[in-house]
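Please examine how the nonpolar residues of this chain are packed, and how one helix is placed against its surroundings.

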Amino acid sequence: MTSDLKRRLPGVLRRSDLPFEGKSTAEGSEAHYHDPLYYDHAYSGRESDVAYYATLARGTGGPVLEYGVGSGRVALAIAAQGIDVTGVDSSAVMLESLRAKVNEPSRQAGAGRITLIQSDMRHLRLERHFALVIAPFNT
């Protein structure tokens, strides 16, 4: 794509810019979990599942353990309600993206309510109890 076309069409991606281009089916199906910006963009329209889990959390009062917390679609909504969330994910890049979001001034409602742990959920042992344990969206 020429630089002139890029200037006239900001935000347009080439297929080669996509994180899954040229990868096997298995690699392509997991690629969006390694690119928080792409993931957030691709799933920004999914809101009914976030509302569902936020309602469940509100009903229990927390604390909530979320496996596969990723970049925080669900955890941020729960924390904004004043409920403590412990988020577990194996992806360092997704957790770093969520840490940056938690520190944004616009997220003050949930400030201090999210604890993040990088771990494989299959092997993690926590010495505490949770009112709700969730593993939303393809975990």
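## The nonpolar cores

The largest nonpolar core (a set of buried Ala, Val, Leu, Ile, Met, Phe, Trp, Tyr and Cys residues joined through side-chain atoms within 4.5 Å) has 19 residues, of which Val64, Ile78, Ile114 and Ile134 touch the most other members. Two or more residues of this core come from each of helix 4 (48-60), helix 5 (73-79), helix 6 (92-102), strand 3 (114-118) and strand 4 (132-134), with helix 5 giving the most, 5 residues. Helices (H or I, at least four residues) and strands (E, at least two) are DSSP runs, numbered from the N terminus.

Beyond its neighbours within four places in sequence, Ile114 is in contact (heavy atoms within 4.5 Å) with Ala75, Leu76, Ala79, Val85 and Val102. Another core, of 5 residues, lies apart and includes Leu65, Tyr67, Val88 and Phe130.

## Helix 6

Met94, Leu95, Ser97, Leu98, Lys101 and Val102 of helix 6 are buried, where buried means under 20% relative accessible area, exposed over 50% and partly exposed in between (1.4 Å probe, protein chains only). Because these residues cover an arc of only 155 degrees around the axis, taken from the directions from the helix axis to the C-beta atoms, they lie on the same side of helix 6. Their cover includes helix 3 (36-42), helix 5, strand 2 (85-89) and strand 3.

Arg99, also found in helix 6, is partly exposed, with a relative accessible area of 34%. The C-alpha atoms of Arg99 and Ile114 are separated by 9.0 Å, the two residues being 15 residues apart along the chain.

## Basis of the values

This is a predicted model, in which local features need pLDDT of at least 70 and side-chain atom pairs count only at pLDDT 80 or more, while totals for chains, interfaces and linings use all residues. Residues are numbered from 1 along each chain as its sequence is written, and side-chain values use heavy atoms, with hydrogens and water left out.
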